[in-house]
Amino acid sequence: MGLCDGNELNLAGLLLFADRPQLYRPAFMIKAVSFPGRHFTDSVYTDSEDINGNLLEQYERAFAFIVRNLRRVQAQQGFNSLGKLEMPKQVIEEILVNALVHRDYFTSSSIRIMIFVDRIEIISPGSLPDTLSLETIQSGVSNRRNPTLTAHAVQILPYRGLGTGIPRALRDWPKITFHDDPLGNQFRVEIQRLTDHVTDHVTDHVKVHRRLTPQVKALINELIQESSRRDLMRRLGLEHRRNFHEVYLQPALDLGLVAQTIPQKNRSRFQRYRLTERGKALLDELHRVSG
């Protein structure tokens, strides 16, 4: 089968069938990060994951990472429906599989996935071989950089090995651009995301962070379950009700981070407060940034 040299797995066998291939080839993994804006930053991100394992595990986890960081749109569905992913899943599948199968495994570096509000970037080690160009790969011409790997990948990954993956992705989602960088020894794919509401999303995110005071951070950090005003004041070590309302609670309500359980009865003695989905997402982000 061409997967071993003597009594040991070769590189293709290691990547396809080993339990922990990164013990022997630590760079052959995927580093994935999702950012809240349009630009790279090393300090603020919304999600990140170092994805290891064999190629099938890397594919499945990377696919899940991308999907969970994309938006869903109603697309004429019912109001309460989950909504459709903002781009066809098969587009992500084709580009991701190509990155795993056709990257340069003689280069000791990782595949990188960076998700921004307006695009996805997938960067693979190794530029295009001399026999290929940006024009030819988009027309369906392929070159097996890793022939043993690709021969078996068709049985394991959603990979057809016919050079049709990129044309299919472009057919389903034309907003894809390819960048070959021989000097940097890398190949980058940019997949444009839906631009509707991107500006609003970025502006909203920035506004929340600008108005996020230490007091509001402290409040949402304590609101791990539905709680009364009295319980929250006790956890925060506060005694003055007015100060709690004006400095902690009302700003969190105004930012949409906290909601009332009985909004129609503001003064109800059964009133409780809970984190909204925005509040939960922000709390997760703050925990990731703080380590």
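Which residue caps the N-terminal end of α2? In this predicted model, the cap is N54, which places a side-chain oxygen 3.1 Å from the backbone nitrogen of L56.

## Helix α2

Helix α2 covers residues 55-68, and its length can be checked by simple reasoning: at 1.5 Å a residue, its 14 residues should span 20 Å, and because its end C-alpha atoms are indeed 20 Å apart, the expectation and the model agree.

The buried residues of this helix are L55, Q58, Y59, A62, F63, F65, I66 and V67. When reading such a list, it helps to remember that an α-helix has 3.6 residues a turn, so residues three or four places apart point the same way.

## The open sheet

Six strands make up an open sheet with mixed pairing, and their order across the sheet is β4-β3-β7-β8-β10-β9. The strands at the edges are β4, residues 47-51, and β9, each of which pairs on one side only. From one strand to the next, the twist averages 10°.

## Two pairings within the sheet

Strand β3 (residues 30-34) and strand β7 (residues 111-115) run parallel and are joined by five bridges, with V33 of β3 standing opposite M114 in β7.

By contrast, β9 (residues 176-181) and β10 (residues 186-192) run antiparallel, and six bridges join them. Here H179 stands opposite R188 in β10. The hairpin of β9 and β10 has four residues between the strands, and within this hairpin N185 takes a positive phi near 55°. As a general point for looking at any of these pairings, the side chains in a regular strand alternate between the two faces of the sheet.

Methods:
Residues are numbered from 1 along each chain as its sequence is written. This is a predicted model: local features need pLDDT of at least 70, side-chain atom pairs count only at pLDDT 80 or more; totals for chains, interfaces and linings use all residues. Side-chain values use heavy atoms; hydrogens and water are left out. Two strands pair if DSSP finds at least two bridges between them. The expected span of a helix is 1.5 Å times one less than its number of residues. Buried means under 20% relative accessible area, exposed over 50%, partly exposed in between (1.4 Å probe, protein chains only). A polar contact is a pair of N or O atoms within 3.5 Å; within protein, one must be able to donate a hydrogen and the other to accept it, and residues adjacent in sequence count only if both atoms are side-chain atoms. Axes are lines fitted to C-alpha atoms, for helices over the stretch in contact, and angles run from 0 to 180 degrees between N-to-C directions.
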